[in-house]
Amino acid sequence: YPNPFEFLKEVDKYPKDTKIIIDNNFYNDGKKIVELDGTVIAKQLHDKGYTKLYLYSWENCSVPEYVTFILKTDRDTMARLDKLL
């Protein structure tokens, strides 16, 4: 999805156990397009009952217990993203 708002409008059509990888910041051509971070979106999804939430970021950050953190520079995890359970 081009931005989180379009995704959130469509999310209810996906099963609650869908793997959802959320970027922590939203940029287009180097400009921040949304003034919220991925943890806010993860909270909204968690409140809706989604259980496989992953936050994807260039820098370490704290995440709630219901989110799995993925550092963008972690090449091993990046190579396995499509196989995460």
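Me: Let me get the words right: buried is under 20% relative accessible area, exposed is over 50%, and partly exposed is in between. Where does that put Lys48?

Reply: Lys48 has a relative accessible area of 36%, so it is partly exposed. Keep in mind that this is a predicted model.

Me: Sure. What does Lys48 pair with in a salt bridge?

Reply: Its partner is Asp12, with the side chains meeting at 3.1 Å, N to O. That pair links distant parts of the chain: Asp12 sits in the loop between α1 and β1, while Lys48 belongs to helix α2, 36 residues apart.

Me: How many salt bridges are there in the structure?

Reply: Three. One of them joins Lys13 and Glu10, at 3.0 Å from N to O. Another is formed by Asp47 and Lys43, whose closest N and O atoms are 2.8 Å apart.

Me: And where do Asp47 and Lys43 lie?

Reply: Both are in helix α2, four residues apart, or about one turn of the helix. Asp47 counts as exposed, at 53% relative accessibility, and Lys43 as partly exposed, at 40%.

Me: OK, switching to the inside. Which residues of α2 are buried?

Reply: Gly38, Ile41, Ala42 and Leu45. Looking down the axis of α2, these buried residues fall within an arc of 100 degrees, so they line one face of the helix.

Me: What do they pack against?

Reply: The buried residues of α2 pack against α1, β1, β4 and β5.

Me: Nice. What's in the largest nonpolar core?

Reply: That core has twelve residues, including Phe7, Ile20, Ile41, Leu53 and Val67. At least two residues each come from α1, β1, α2 and β4, and α2 gives the most, with three.

Me: What does Leu53 touch, leaving out residues up to four places away in sequence?

Reply: Leu53 touches Ile20, Ala42, Leu45, His46, Tyr66, Val67 and Thr68.

Me: One more residue: is Ser57 buried or exposed?

Reply: Buried, at 2% relative accessibility. Ser57 lies in strand β4. Leaving out residues up to four places away in sequence, Ser57 touches Asn24, Phe69, Ile70, Leu71 and Lys72. Ser57 and Asp23 are 34 residues apart in sequence, yet 6.1 Å apart in space, C-alpha to C-alpha.

Me: Last thing. Which elements have the highest and lowest mean pLDDT?

Reply: Helix α2 has the highest, 91, and strand β2 (residues 27-28) the lowest, 53. For the protein chain the mean pLDDT is 80, with 75% of residues at 70 or more.

Terms used:
Residues numbered from 1 in each chain as written. Heavy atoms only, no water. pLDDT = per-residue confidence, 0-100. Core = buried A, V, L, I, M, F, W, Y, C linked by side-chain atoms within 4.5 Å. Buried < 20%, exposed > 50% of the residue type's maximum accessible area, 1.4 Å probe, protein only. Contact = heavy atoms within 4.5 Å. Arc of directions from axis to C-beta. Salt bridge = Lys/Arg side-chain N within 4 Å of Asp/Glu carboxyl O.
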